[in-house]
Amino acid sequence: MDETSSLQRRADGSAGPIRRTALHDTLVNHLRDMIIEGDLEPGTRLHEGQLGEQLGVSRTPLREAIKYLASEGLVELVPSRGAVVKRFSQKDVHDMLTVLRTLEELAGRLACETATDAEIAHVRTLHDAMIDRYKAADRLQYYKLNQDIHTAIVRLAQNSSLIDIHAMLQTRLKRIRFIGHEGPEKWAAAVSEHEEMIQALEARDKAGLSEVLGRHLFNAWDRVRDSL
């Protein structure tokens, strides 16, 4: 099996062998995307042999990638069953979103105080790119830019403890946040909230940004709970 020529997702996004760049990182990213998009559903057992054949890689790098996803909380290593895509209960998701909402409300207030004009302009660039993906109905790339925006705002708070805890929760909620954009009405509502976010950040409106971030995460629960 030639792993040097197999590991990057096909340009058309279809399943099958992918070309190699940095094997471990590309494998992790590809498997993570499969979990986010539902190709690997919660509760699915990850068979190294089958996945390796599908992706065109041997078991050793695949096993290491699965272990990395387990460290992120997206995969669970279950005795006698092996690696399984993590399934979160409704309470798990609600609890995580509650904490995430509190963290982002705080981050919004701090970001308005500490961010430079250049850093705010960078968030605007991410926002505009996300809107382009929304208009193109490119849901996965929209989602990734959406997450980049939340991460960027939190980083502007310049609080390492806040950044670390937020990153952990955001990673575990990747699939959950993705399904929150299913359906045109839910997607449009999320986009509208992001428009409010960027306007509040550019105005350095601490109360406004904190409020819309909190509302956005509160509404995220309404958008996903019936799908859990």
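## Exercises on cores and helix packing

In this predicted model, Leu209 is in contact with Gly108, Cys112, Met197, Ala200 and Leu201, leaving aside its neighbours within four places in sequence. Let's build on that.

**Exercise 1.** Find out how many residues the largest nonpolar core has, and which helix gives the most to it.

*Solution.*
- Start from Leu209: together with Val123, Ile153 and Leu201, it ranks among the residues with the most contacts inside the largest nonpolar core, which has 24 residues.
- Next, look at the suppliers: at least two core residues come from each of helix 4 (90-114), helix 5 (117-135), helix 6, helix 9 (184-202) and helix 10 (206-224).
- Helix 9 gives the most, with 7 residues.
- Finally, another core of 20 residues lies apart from this one, and includes Leu27, Val28, Leu51 and Ala70.

**Exercise 2.** Decide how helix 1 is oriented against helix 6: roughly parallel or roughly perpendicular?

*Solution.*
- Take the geometry of helix 1 (residues 23-37) and helix 6 (residues 139-156): their axes are 12 Å apart and the packing angle is about 105 degrees.
- Angles of 65 to 115 degrees count as roughly perpendicular, so helix 1 is roughly perpendicular to helix 6.
- Now see who meets whom: Asp33, Ile36 and Glu37 of helix 1 meet Leu140, Tyr143 and Lys144 of helix 6.
- Sorted by type, the residues of this contact are 3 nonpolar, 3 charged and no polar.

**Exercise 3.** Is Gln170 buried or exposed?

*Solution.*
- Locate Gln170 in helix 7 (residues 160-172).
- Its relative accessible area is 6%, so Gln170 is buried.
- Beyond its neighbours within four places in sequence, Gln170 is in contact with Leu100, Glu104, Gln147, His150 and Thr151.

Terms used
Residues are numbered from 1 along each chain as its sequence is written. This is a predicted model: local features need pLDDT of at least 70, side-chain atom pairs count only at pLDDT 80 or more; totals for chains, interfaces and linings use all residues. Side-chain values use heavy atoms; hydrogens and water are left out. Axes are lines fitted to C-alpha atoms, for helices over the stretch in contact, and angles run from 0 to 180 degrees between N-to-C directions. Helices (H or I, at least four residues) and strands (E, at least two) are DSSP runs, numbered from the N terminus. Angles under 35 degrees count as roughly parallel, over 145 as roughly antiparallel, 65 to 115 as roughly perpendicular and the rest as oblique. Contact means heavy atoms within 4.5 Å. Ala, Val, Leu, Ile, Met, Phe, Trp, Tyr, Cys and Pro count as nonpolar, Asp, Glu, Lys and Arg as charged, and the others, Gly among them, as polar. A nonpolar core is a set of buried Ala, Val, Leu, Ile, Met, Phe, Trp, Tyr and Cys residues joined through side-chain atoms within 4.5 Å. Buried means under 20% relative accessible area, exposed over 50%, partly exposed in between (1.4 Å probe, protein chains only).
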